[in-house]
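Here are some exercises to work through with the structure open beside you. Try each task yourself before you read its solution.

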Amino acid sequence: MTADVLPQLTAEVTAAAHPDAAPCRCGTATTTLAHRPDTTVLRHAETVAKAHAPDTDRAALARRLATAARLPEVFLPPLTAAPAVVGDRPVTLWPYGAPVDPDTPAAAPWEAAAVLLARLHRTTPTTTSPTTPATPTPAAPPMRGPAKAALAVARLRAALATSPPHPAAPPVLRAWSTLPAWARDEAPMPGTPTLCHGDLHLGQLVRHPAPDGPWRLIDVDDLGVGVPGWDLARPASWYACGLLPPDEWTRFLTAYRAAGGPAVPADGDPWAALDVPARALTVQTAARYLTKALAADRPLDEVEQALIDACARMAPE
């Protein structure tokens, strides 16, 4: 984020937290919850402001906000119906929710995540236009999961173009080439369009009201219609790579099935539905980690190497 936008975002979140009070006298400092090149998230009191990437499709973001707003049993509800603009960044406003505690992995809310996904996947992905009730209109644009995977691989290729050859790169790129076109964002997603989160992991859950309210999903940047198996793909990938304990994967999958989630069969082997999305997420994550390792000129750690090894198994020489 450019230096001149951060003060504006601070002013935006402070004003949203105190719509009837100026200046702020609550004594609460504005804190930074996330700060990356494409995203900055600030909190003031019980309000959160998220500055999205400058190249965000603002019309699509507005449709995603509308979808989240009509699903308060699934998503943290946005505070405004449309993005604001701060500098060159679209900004969304949210109530604060308490995130998953990374220091207590045994308490990870796998069941809650699974139930929320099942609710989302069972939701009709269209709404009826108030002016033409017989004409359904899309509630959300396409889910961005495959597009993000393709972006991760594109960034890896760009990093490799200016770096010495790395032994981990060929397995990642070979594995990418084995995926079907839709998973590489080169063709439309198959199957019945289903409303999907698009980037599900435990960091996308918060309790609202904090600290003990019900769990809700956050982050609508990738929300849209697509293949529901993509939302199960990250835990499936980590389980297949040996990074997620079998009992946690079983808890997640069992709760999803019990809640009527349509991404996998109600019983039996789920992998026919999960194989492609899980492989795609494995490649995406491996590409992201390798790109970061190249930028930092450091060796891969154990987790990163496990993902590279999985890519090598997916596409042996």
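Which backbone oxygen does the side chain of His197 reach? The side chain of His197 reaches the backbone oxygen of Ile218, at 2.8 Å. That fits the cut-off for a polar contact: a pair of N or O atoms within 3.5 Å, where within protein one must be able to donate a hydrogen and the other to accept it, and residues adjacent in sequence count only if both atoms are side-chain atoms.

Before going on, a word about what you're looking at. This is a predicted model, so local features need pLDDT of at least 70 and side-chain atom pairs count only at pLDDT 80 or more, while totals for chains, interfaces and linings use all residues. Residues are numbered from 1 along each chain as its sequence is written, and side-chain values use heavy atoms, with hydrogens and water left out.

**Exercise 1. Describe the surroundings of His197.**

Step 1: find the spot. His197 sits in the loop between β9 (194–196) and β10 (205–207). Helices (H or I, at least four residues) and strands (E, at least two) are DSSP runs, numbered from the N terminus.

Step 2: check the exposure. His197 has a relative accessible area of 0%, so it is buried. Buried means under 20% relative accessible area, exposed over 50%, and partly exposed in between, with a 1.4 Å probe and protein chains only.

Step 3: look for contacts, meaning heavy atoms within 4.5 Å. If you set aside neighbours within four places in sequence, the contacts of His197 include Phe75, Leu117, Leu120, Leu217, Ile218 and Asp231.

**Exercise 2. Trace the five-stranded sheet.**

Step 1: write down the order. The open sheet runs β1-β2-β3-β5-β4, with antiparallel pairing. Two strands pair if DSSP finds at least two bridges between them.

Step 2: find the edges. These are β1 and β4 (84–86), each of which pairs on one side only.

Step 3: go through some pairs.
- β1 (residues 31–36) and β2 are joined by five bridges, and Thr31 has Arg43 in β2 as its bridge partner.
- β2 and β3 (residues 47–51) also share five bridges; here His44 is partnered with Thr47.
- β3 and β5 (residues 89–95) pair over five bridges, with Lys50 matched to Thr92.

Step 4: see what packs on the sheet. Helix α1 (residues 5–17) touches β2, β3, β4 and β5, and its direction makes about 40° with that of β2. Helix α2 (residues 58–69) touches β4 and β5, at about 10° to the direction of β5. For these angles, axes are lines fitted to C-alpha atoms, for helices over the stretch in contact, and values run from 0 to 180 degrees between N-to-C directions.

Step 5: look at how covered β2 is. Of the six residues in β2 (residues 39–44), five are buried.

**Exercise 3. Which residue in the hairpin of β2 and β3 takes a positive phi?**

Step 1: locate the turn. The hairpin has two residues between its strands.

Step 2: name the residue. Ala45 has a positive phi of about 55°, although it isn't a glycine.

Step 3: look for another case. Asp185, in the loop between α5 and β9, has a phi near 60° and isn't a glycine either. Asp185 is partly exposed, with a relative accessible area of 44%.

**Exercise 4. Why do the buried residues of α4 line one face of the helix?**

Step 1: get the dimensions. Helix α4 (residues 145–161) has 17 residues and reaches 25 Å from its first C-alpha to its last, close to the expected 24 Å. That expected span is 1.5 Å times one less than the number of residues.

Step 2: list buried residues. Among them are Ala149, Val153, Leu156 and Leu160.

Step 3: look down the axis. The buried residues of α4 fall within an arc of 150°, so they line one face. The arc is that of the directions from the helix axis to the C-beta atoms.

Step 4: see what covers them. The cover includes α5 (169–177), α6 (230–240) and α8 (271–296).

**Exercise 5. Find cis peptide bonds in the loop between β10 and β11.**

Step 1: go to Pro209, which is in that loop. A cis peptide bond joins His208 to Pro209, with omega about -5°.

Step 2: go to Pro211, also placed between β10 and β11. Ala210 and Pro211 are joined by a cis peptide bond with omega about 5°.
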